[in-house]
Each structure stands twice: as C-alpha cells, then as structure tokens.
Amino acid sequence: MFTSRTTGLMLVLPAVVFITVGFLAPVLILLAQSLRLEDGWGIGNYLAFMNDGLGREVFWRTIKLAALVTLAAAVIGYVAAWAIVETRPERRGVLVGMVILPLMISPVARTYAWLVILGRTGFLNVLITNLGLSEEPLRLLFTETAVFIGLLQLFLPLMIISLVSALENLPRDVVPAAQTLGAGWIATFFKVILPLTREGLVIGGTLVFTGSVTAYITPAVLGGSKVLMLETLLYQRVSVANDFASASVIAAILMVTTLAANRLLRRLATPRRR
Amino acid sequence: MSSRMGGLMLALVFLFLIGPFLIIIAAGMSAGETLAFPPQGLSLRWFWAVFEVESFRASFVLSIGLAVGATLLALVLGVPVAYALARYPLPGGEAMSTLLTSPVIVPAIIVGLALLRYVVIPLDLGIIPALFVAHTALLVPYAVRVVSASLANLRSDIEEAAVLLGANRLQAFFLTVLPNIRNGILAAFILGFVTSFNQVPVSLFLTGPGVSTLPIQMLWYMEFTYDPSIAALSALLALMSMAIVLVAERFLGLSRYV
Amino acid sequence: MSDAAFLDLAGLSLGYDGRPAVEALDLSIKEGELVALLGPSGCGKTTTMRAVAGLLQPMGGRITLGGRDITRVPANRRNIGLVFQSYALFPHLSVFENVAFGLRRQRTPKDEIERRVAEAVAMVGLTGFEKRLPKELSGGQQQRVALARAVVVRPRLLLLDEPLSNLDARLRLEMRTELRRLQRELGITMVYVTHDQEEALALADRIVVMRDGKIEQMGPPEAIYETPATDFVARFVGFENVFQVKDGQLRAGNGAALPLQAPVDGGTAWLAWRPHAVELGQGPYEGQVLGTSYLGQSVEYLIESTVGPIKAEAPAALPRHEAGRTVAFGLPPATAAAIPR
Ligand SMILES: Nc1ncnc2c1ncn2[C@@H]1O[C@H](COP(=O)(O)OP(=O)(O)O)[C@@H](O)[C@H]1O
Ligand SMILES: [Mg+2]
C-alpha cells in the first residue's frame with residue numbers, strides 16, 4: 001500500500017517548501033554574503049576579521065572556552081553518570097529526571113542565577129567579605145571564569161544524559177572482569193569504559209561543544225563586553241556598528257565551526273578497524 | 001568507586017545544577033530595592049511587582065502565543081513528514097532528511113539575522129510573522145524526531161486493516177494512526193513549546209521597540225535595572241517549567257523523547 | 001457451490017520496485033470453496049494475497065471477483081476481508097470497537113452494530129471480553145478477534161495469511177477445526193495461505209502449491225499428497241527420497257546412480273518414496289545407517305547410500321538397525337509416486 005512516491009512527496013512537500021523559503025534560502029544568502037566584497041567576491045572579509053585583533057581574540061576565546069567546558073563536562077559527566085547508573089533502577093529514573101529538568105528551564109533564568117551568586121553584592125562576595133577573606137568585594141562577574149561556570153551549568157546535563165545511556169548499555173560484567181584481571185581504576189577507565197562508551201561521549205561532547213560555541217545568553221549576561229564570544233560579538237557588530245559584512249563573516253565562522261566539530265567528533269566516534 | 005563516594009559526587013553535581021535556582025527563589029523574595037543575597041528581609045512584593053510591569057506582561061503574552069502557534073504549525077508540517085519517513089520510500093531520502101533537520105544544525109542567531117536581512121527588510125514583513133516563521137523552522141526537526149519515535153513502534157498493517165474494512169486512507173490515518181501516536185504528539189508539543197518559549201538567539205534580531213519576547217525583555221531589563229524583579233520572574237518561570245515537566249513526565253513519560 | 005469462477009486471477013504479475021515476485025499467475029476459485037495457497041517462505045503467497053485485497057497494485061494481469069473486474073478498484077471498496085499473520089488489531093480500541101470498526105465505516109445503525117458485533121464475538125467464543133484491549137488478550141484470543149473483525153462485515157471473500165503461525169501447536173489444531181466449522185457455517189469463500197502442508201491438507205477443498213512466484217500444482221488434497229506433479233511438490237509434501245529416472249537408473253543430484261529395481265513406464269521422469277515406502281532389511285541396495293530417531297509408532301533411519309542419504313521408516317516393533325551398521329534396502333517402483341515428464 002505504501003509504494004507511491006508521489007504520496008510521500010506530497011506529505012513532505014509543505015515542510016520542505018517552508019524550510020527552504022523561510023530558513024535555508026535566507027541562511028545560505030547570508031553565508032554567501034560573507035564572500036561579497038565591494039568590488040566582487042573573495043575572502044577579504046575573513047582576512048579582515050582575522051587581522052583585526054579583537055576578532056581573532058574572540059574566535060580563540062570561544063574555541064578555548066567551549067573546549068574547556070566540554071572537557072570539564074566530560075570529567076564531571078562520567079562521575080555523575082556512573083553514580084546514577086550504579087543506583088537502583090527505580091531511583092535512576094528520578095535522578096535522570098532531575099538532570100533533565102534544568103534543560104527545560106529558561107536559560108535566561110538559569111544564567112541570571114549566577115548573576116545573583118557572582119555579583120558585587122552577590123552570595124559569594126557576601127561570603128568572602130563576611131569571612132574576612134577580602135576587604136573589597138571581588139570582581140567575579142564579567143570574567144572568563146564566570147562564563148565558563150555559566151556554560152558548564154547550562155550544558156552539563158546534556159553530557160550526563162548521553163553518558164548515562166552509554167553506561168547503561170555497557171555489558172554488566174566488564175568492569176568487575178577488568179578488575180579481577182588486576183586493572184586499577186585508571187586503567188579500567190581508559191582501557192575498558194572509555195572505549196565502550198566512546199559514542200555516548202562523542203554525542204554529549206558534540207552537544208556541549210557546539211552549544212558553547214553558539215551560546216549567546218551566558219556570555220551576554222556573565223561576560224558582557226569584556227568577555228565577548230562569537231555570538232555576542234556578532235550581535236554587537238550588527239546592533240552597534242551596523243557592520244553586516246563582518247556579521248556575515250562571524251555567522252559563517254559559527255556555521256563552519258559547528259559543522260567541523262560535528263564532523264570531527266563523529267569521526268572520532270566510529271572506531272577505526274585495525 | 002564506593003557507592004558512598006558516588007553519592008557525594010552526585011550531591012555536589014546536583015548542588016551545582018539545581019542549587020542556583022534555590023538562590024534565585026530566595027533572592028526574589030527580598031524585601032529590598034536591589035538584588036542581594038542573602039535577601040534583605042523577606043517579602044513576596046517582587047513576585048507581585050513583575051505582573052505590574054507592562055513590558056513583561058506584553059512580552060509574556062507574545063511569547064506564549066508565539067510558542068503555541070509556532071509549535072502547532074511545526075506539528076502540522078512535521079507530522080506528515082514523520083509519517084512519510086516511516087511509511088514511504090522517499091525521493092532523495094538522505095538529502096531530504098538533511099534538509100529537514102538543518103534548522104537544528106545552523107546556529108540560531110544566524111537564522112534570525114538572515115531572516116531580518118533577506119526576508120523581513122526586503123518584504124517589509126512584520127516582526128511577529130517573522131518571529132513566527134523563525135520559531136517554526138526551528139521546531140520542525142523536533143516535531144519530526146519526536147513523532148517519528150512514537151511512529152516507530154506502530155506497525156503499518158493496522159492502517160491496511162482499516163482500509164480493508166472500508167476506511168479511506170485519510171480515515172485510516174485519523175482513526176488508527178493518530179490515536180496511537182497521540183502521546184508522541186503531545187510530547188512534541190510540550191518540547192516545542194518549551195523550546196520556543198525559552199529561545200533567545202533566533203529572536204534577538206527579530207524583536208523591536210514594543211515587540212519583544214519575554215526572555216529578550218528580561219535580558220534588556222537586567223542590563224538597566226538591578227532590582228530583584230528578574231530574580232522573582234526567573235523563579236516563576238523555573239516553577240512553571242517544572243510544573244509542565246512534572247505533569248508531562250507523569251502522563252507521557254516525556255524523558256523518553258528528550 | 002456453483003461451477004463458475006468466483007475469484008479469477010488471470011496472468012497476474014506482481015512485484016516490488018519493478019522486481020518481479022509473482023509471474024503470470026492464473027487461478028480460479030469457485031464460490032464457497034476453501035483454497036489453500038501452499039509454498040515455502042518467500043514464494044509469493046503474501047504478495048498474491050495483498051494484490052487480491054487491493055493493497056498492492058499488479059504490474060500486469062486481471063483480478064475478477066463475482067464477474068466484475070476489480071483490478072483497479074481501491075482496497076476499501078472491494079469488500080474483501082484479510083486476516084493478517086500479525087493480526088493487526090487496533091491497539092487503542094477494545095475488542096468491541098475493533099470488531100465494530102468495519103460496520104461503523106458502513107454507517108450501520110447503532111442497534112444493528114450491537115447485534116452483529118455480539119454475534120461475531122460469540123461465534124469466536126469471546127463473549128464477555130468485549131471491553132478488553134488487544135494487549136490484554138492471549139495470542140489465540142487476539143487471533144479470534146481478528147477473525148471476528150474480518151467476518152462481521154460479511155466480506156465476499158476472506159483471505160487468511162498464515163493466520164495460525166503465531167500460535168502454539170495445540171492451539172493451532174483447535175483453531176484449525178474452528179476455522180473449518182466457521183467456513184461451513186458462513187459458506188464464505190476463503191483463500192488460506194500457509195507454508196505448513198499438514199494444515200493445507202487438513203483444511204482445504206483444493207490446494208495450490210506455489211514456488212518462486214509460479215503455480216507448481218493445484219488439485220484436491222488427495223491428489224497433491226498422493227500424486228505430486230513435480231519433484232518440488234513431492235519433496236514439499238513429504239516424499240523424502242526423490243530421484244531422477246534416466247536410462248534405467250536412479251540418479252542423484254551429485255551424478256551418482258543406482259540401477260532401477262524394476263522397469264518403469266517410459267514417461268516417468270522422477271520416482272519419489274516416502275520414508276515408510278522404502279523397504280528396509282532386504283532389497284538390492286546397501287547403505288550404512290547414519291542415525292536413527294524414535295518416533296513412537298515407528299523408527300526413522302538415515303542411511304548413507306551411493307545416491308546420497310536415504311530416509312526410511314520402519315515399524316518400531318521390528319528389530320532395530322544400529323547406527324554404523326550396513327543395511328540392505330530396496331526402492332521398489334511400485335511403492336513410489338511416479339512423476340511424469
Ligand atoms: N515489501 C517488499 N519489498 C520488496 N520485496 C518484497 C516485499 N515483500 C516481499 N518481497 C519479496 O517478494 C517475494 C515474495 O514474498 P512474500 O509474498 O512475502 O512471500 P511469502 O508470503 O510466500 O513468504 C520475496 O522474494 C520477498 O523478498
Ligand atoms: Mg508471507
């Protein structure tokens with residue numbers, strides 16, 4: 001009964017048209033514009049962006065922060081996911097629910113919490129001055145550390161969920177088996193757990209890394225104009241400088257970075273044959 | 001790793017993930033004029049105050065309307081796609097699915113900017129229709145994915161059985177497929193609603209004077225004002241999300257679809 | 001039973017994406033007849049049923065039902081019932097609503113629906129189960145619901161695609177009898193698909209044996225069982241020892257040959273013996289016993305011979321031949337089915 005290609009086509013057509021017209025075409029035009037120069041086409045805009053000290057700095061900071069957040073999320077994620085998988089199945093559901101819950105809450109609200117904690121009159125500074133650790137409140141906000149913490153809190157749940165499902169699929173006895181063979185925790189992790197959960201790690205890593213690269217709210221609120229990342233820089237270029245040429249370059253860089261990260265990490269996920 | 005140590009680690013992780021919400025709730029309950037923690041005296045005044053702010057009220061209404069409308073349209077577009085993917089040999093299968101899932105790959109801020117430059121300005125499109133288009137495009141892949149997941153468990157022969165009993169193709173779909181993927185559609189609706197409601201980057205360039213979504217309004221407000229109202233509003237939004245998630249999890253098992 | 005064809009398939013060619021699965025099939029079925037479509041998995045039985053039901057558009061040929069060409073009639077207007085191997089019950093509907101589904105499509109008045117559903121449910125012995133959901137029923141009960149759902153609309157033709165293959169052996173026997181009773185009671189024309197020769201023999205008025213998308217033989221069960229028309233049918237209905245006859249010799253597939261025990265008619269191309277038709281302990285041939293299996297009434301022997309393994313069966317009361325021993329055996333043409341060229 002389900003052999004008619006035309007029926008299938010009719011069913012997908014509205015979505016295809018909508019996405020092409022309302023999404024893909026404008027995006028492709030924008031990306032193409034990054035190659036548009038005053039006199040023809042070329043990579044001049046990219047060179048200008050990279051030669052501009054700020055552009056280069058922001059690009060590398062974005063990559064660095066995203067990489068650090070991914071690394072930290074992986075380390076914490078393994079510990080948390082392992083602890084969750086070790087619990088009884090009925091409790092596991094509740095714990096996974098508690099990990100997912102923050103994902104459903106407005107990132108503005110989630111980020112704002114750090115403003116309350118890290119602000120001049122915030123929780124940490126009150127603690128620090130009351131304990132006499134410092135006379136003056138410290139400048140914690142608008143630092144790379146603040147952005148790092150904010151991003152980590154935002155994206156850590158994605159890593160934990162990916163690793164929980166990877167660890168749940170781990171054959172039950174491999175860890176005890178490795179340990180009876182005399183492997184310590186470190187060896188067990190790198191020789192047994194990591195290879196067997198690589199796919200989950202890569203899925204989680206991709207989500208965290210691309211999420212961090214393309215984050216707007218966290219650098220906007222916790223980094224401000226002192227700690228710009230690619231998206232906050234892009235926003236500035238458009239709304240402050242009305243500079244669409246470099247905005248389209250940043251857009252293209254964002255796009256390429258996410259695609260490259262996706263590709264690279266997916267390649268890491270598929271084990272090579274020896 | 002001992003289980004006690006695992007428990008301790010887990011407690012720390014949850015403190016990091018959930019603790020900040022407790023702090024905003026407390027900060028929102030401040031009686032003082034500026035944001036501080038611990039709060040200066042306890043009061044619910046800021047929780048009431050946010051309802052008095054006209055820009056919050058207007059943007060809240062817009063955000064809700066946008067989330068509902070965009071999610072519904074995304075479902076109208078996405079359910080047939082999920083169905084076609086499950087039942088028909090698709091022309092250009094791989095390319096087609098890449099095209100349909102592209103909105104999740106492209107950084108949302110680019111979508112907003114591209115729509116502003118090449119659709120809104122040239123066509124003189126209003127801001128609200130533009131937001132609507134952008135949010136819908138972003139939600140279609142979610143709708144397709146979640147509905148596909150629930151279609152995957154449904155055999156196609158029940159539709160054939162319905163047809164042989166006299167139903168036409170449309171009736172067969174509405175009488176035998178739809179009732180069985182209802183939960184998937186509801187889950188997709190909730191995920192879509194939450195995603196749209198919380199969405200910032202796509203809306204950044206598509207809001208303007210007087211027309212703004214709630215999260216963007218909040219970003220604006222916190223840049224200029226340092227009172228506890230954003231804390232109170234954040235707390236309210238967090239509670240709203242939690243309520244939605246708990247109800248959805250209870251009735252639909254939402255976490256299966258995330 | 002009238003003699004005119006009720007369902008007529010003429011030159012029916014079927015396939016998927018242009019790859020043929022059934023080629024130029026001709027088959028006529030009389031009204032009230034129960035025909036079994038028998039053949040190994042993948043031979044095109046399901047494909048044929050789906051085409052008759054209208055779920056698959058033929059690549060060529062004609063389907064006529066009750067004198068009317070229905071080749072282009074959409075599936076929902078054919079009024080042909082199909083019981084799926086998987087049952088295909090609607091998971092969200094109760095037994096009552098599953099059975100009532102077709103009647104509701106026909107806009108049957110409410111009280112008539114009540115009455116006919118009750119009748120159909122009673123007929124399959126499920127009275128009292130009307131409010132249950134399919135998942136709250138056993139496999140056999142689901143099977144009965146599928147049957148009731150298909151017959152309640154009084155289809156002109158009922159197709160059953162391996163309807164019993166998901167049931168255990170005992171239930172299968174029970175449902176087989178039940179089906180036969182129903183068919184007699186309702187006088188409905190049925191096409192019954194199976195890969196189980198025993199089921200076909202027990203149920204059908206006529207058996208159609210299919211192989212690779214073509215009809216190999218059709219006829220009453222006795223004819224199929226006793227006088228297979230081809231070596232393929234012979235093997236399929238339990239002739240375990242099938243040999244080609246050439247130049248007065250029995251030939252195996254491997255080229256080895258044995259002289260015939262007695263002369264046969266010149267038109268004979270194949271000779272086929274059921275295990276019990278093989279003479280054991282005497283005869284002109286010799287072989288080594290590879291293994292034995294005790295079947296209760298009898299013992300089955302696997303004997304290695306120059307023309308390959310021979311399956312023989314002897315009453316359990318006779319003295320046994322131990323594995324490893326050499327035993328004499330005979331293949332008398334008189335006890336064989338002779339398959340003409
Ligand atoms: N949906 C399909 N797409 C492609 N080929 C199919 C499909 N269904 C069946 N076939 C092929 O058609 C042939 C006949 O299959 P089928 O009618 O299901 O056999 P049977 O029911 O006798 O086991 C087989 O070779 C099978 O592989
Ligand atoms: Mg079949």
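## Sheet S2-S1-S4-S5 of chain C

Asp8(C) stands opposite Thr64(C), a residue of S4(C). This pair belongs to a predicted model. The strands behind it are S1, residues 5-16, and S4, residues 60-65, both of chain C. S1 and S4 pair in the antiparallel sense, over five bridges.

The wider sheet is open and has four strands. Their order in chain C is S2-S1-S4-S5, with antiparallel pairing. Strand S2 (19-30) lies at one edge and strand S5 (68-69) at the other. Each edge strand pairs on one side only. Strands of a sheet pair through backbone hydrogen bonds, either parallel or antiparallel.

## Sheet S13-S12-S11-S14-S19 of chain C

Chain C also holds an open sheet of five strands. The order is S13-S12-S11-S14-S19, and the pairing is again antiparallel. The edge strands are S13 (257-259) and S19 (337-340) of chain C, each paired on one side only. Neighbouring strands of this sheet are turned against each other by 30 degrees on average, direction ignored.

One pairing in this sheet joins S11 (residues 241-246) to S14 (residues 268-273) of chain C. S11 and S14 run antiparallel and share four bridges. Val242(C) has Ala272(C) in S14(C) as its bridge partner.

## Ligand 1 and its shell

Which residues surround ligand 1? They are Tyr16(C), Ala21(C), Pro40(C), Ser41(C), Gly42(C), Cys43(C), Gly44(C), Lys45(C), Thr46(C) and Thr47(C). By class, the shell divides into four nonpolar residues, five polar and one charged. Helix H1 (residues 45-53) of chain C gives the largest share of the shell, three residues.

Backbone atoms of the shell approach oxygen atoms of the ligand. For Gly42(C), a backbone N or O atom lies 2.6 Å from an oxygen atom of ligand 1. For Lys45(C), a backbone N or O atom is 2.9 Å from a ligand oxygen. A polar backbone atom of Gly44(C) is 3.1 Å from an oxygen atom of ligand 1. Taken alone, ligand 1 exposes 560 Å². The protein buries 58% of that area.

## Annotated domain of chain C

The UniProt record, an unreviewed entry, places the feature "domain: ABC transporter" at residues 7-237 of chain C. In the model, residues 7-237 of chain C are 36% helix and 27% strand. The end C-alpha atoms of this span lie 26 Å apart.

## Annotated transmembrane regions of chain A

For chain A, UniProt (unreviewed entry) lists "transmembrane region" at residues 12-32, 65-85, 92-109, 145-165, 177-194, 201-224 and 244-265.

How much helix and strand do residues 65-85 of chain A hold? This span is 100% helix and 0% strand, and its end C-alpha atoms lie 29 Å apart. Residues 145-165 of chain A are also 100% helix and 0% strand. Here the end C-alpha atoms are 30 Å apart.

## Chain B

How many helices and strands are there in chain B? Chain B has 12 helices and zero strands. Read from the N terminus, the elements of chain B run α-α-α-α-α-α-α-α-α-α-α-α. The C-alpha trace of chain B spans about 70 × 60 × 35 Å along its principal axes.

Technical notes:
Residues are numbered from 1 along each chain as its sequence is written. Chains are lettered from A and ligands numbered from 1 in the order in which they are written. This is a predicted model: local features need pLDDT of at least 70, side-chain atom pairs count only at pLDDT 80 or more; totals for chains, interfaces and linings use all residues. Side-chain values use heavy atoms; hydrogens and water are left out. A residue is near a molecule or strand if one of its heavy atoms lies within 4 Å of it. A polar contact is a pair of N or O atoms within 3.5 Å; within protein, one must be able to donate a hydrogen and the other to accept it, and residues adjacent in sequence count only if both atoms are side-chain atoms. Accessible areas come from the Shrake-Rupley method with a 1.4 Å probe; for residues, only the protein chains shown count as cover. Helices (H or I, at least four residues) and strands (E, at least two) are DSSP runs, numbered from the N terminus. Ala, Val, Leu, Ile, Met, Phe, Trp, Tyr, Cys and Pro count as nonpolar, Asp, Glu, Lys and Arg as charged, and the others, Gly among them, as polar. Two strands pair if DSSP finds at least two bridges between them. Axes are lines fitted to C-alpha atoms, for helices over the stretch in contact, and angles run from 0 to 180 degrees between N-to-C directions. UniProt positions are given in the numbering used here, feature names are shortened, and annotations may be inferred rather than shown by experiment.
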